[in-house]
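Student: Hi! Could we take a close look at a single part of this protein, one that you pick for me? I'd also like to know how that part fits into the whole.

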Amino acid sequence: MSYSQKIYKIVSDNTDLVYVGSTRQRWLCDRFSNHNVGYRRYKNGLDKLWVSSFKVLEHGDCRCVLIEETEEPNREEYWIKELNACNKKKLGALLKEKNG
């Protein structure tokens, strides 16, 4: 079963940084859990993969907020720019990755 694309942001009251992501997972909480597990593994030296969502997660008290559900292409890019997100990935690379 295919679900619509969910555009979300990870925020913390302890920082002005915002991370924007997208997922087609049914439950947004599952995607947020994946971010948290990845951060804990990185922090504990179990994984060397660093992703820019960690910039927000390291401040604690984070939450994942749904921005919109859409089928429109380029909406993640729009929100990254609109919210001045801390995403490290260059937008051109993001589009290339999604379009194959």
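Tutor: Let's start with the whole: of the contacts in the protein with a separation of 6 or more, what percentage comes from residues 24 or more positions apart? The answer is 59%. Keep in mind that this is a predicted model. The protein has four helices and three strands, and along the sequence they follow the pattern β-β-α-α-β-α-α. Of its 100 residues, 37% are buried. The protein exposes about 6,600 Å², and carbon and sulfur atoms supply 48% of that area.

Now for the part I'd pick: strand E2, which spans residues 19-23. This strand is mostly covered, with five of its five residues buried. To picture that, remember that side chains in a regular strand alternate between the two faces of the sheet. In E2, one side carries Tyr 19, Gly 21 and Thr 23, and the other carries Val 20 and Ser 22. Both faces are covered, as the residues on each side are all buried.

What does E2 pair with? Its partner is strand E1, residues 5-12, and the two run antiparallel, joined by five bridges. As one example to find in the structure, go to Ile 7: its bridge partner in E2 is Ser 22. So that you can trace the connection by eye, follow the chain from E1 to E2: the two strands form a hairpin, with six residues between them. Put together, E2 is a strand covered on both faces and bridged to E1.

Notes: Residues numbered from 1 in each chain as written. Predicted model: local features only at pLDDT ≥ 70, side-chain atom pairs only at ≥ 80, totals over all residues. Heavy atoms only, no water. Buried < 20%, exposed > 50% of the residue type's maximum accessible area, 1.4 Å probe, protein only. Pairing = 2+ DSSP bridges. Contact = heavy atoms within 4.5 Å. Areas by Shrake-Rupley, 256 points an atom, 1.4 Å probe, with all protein chains shown as cover.
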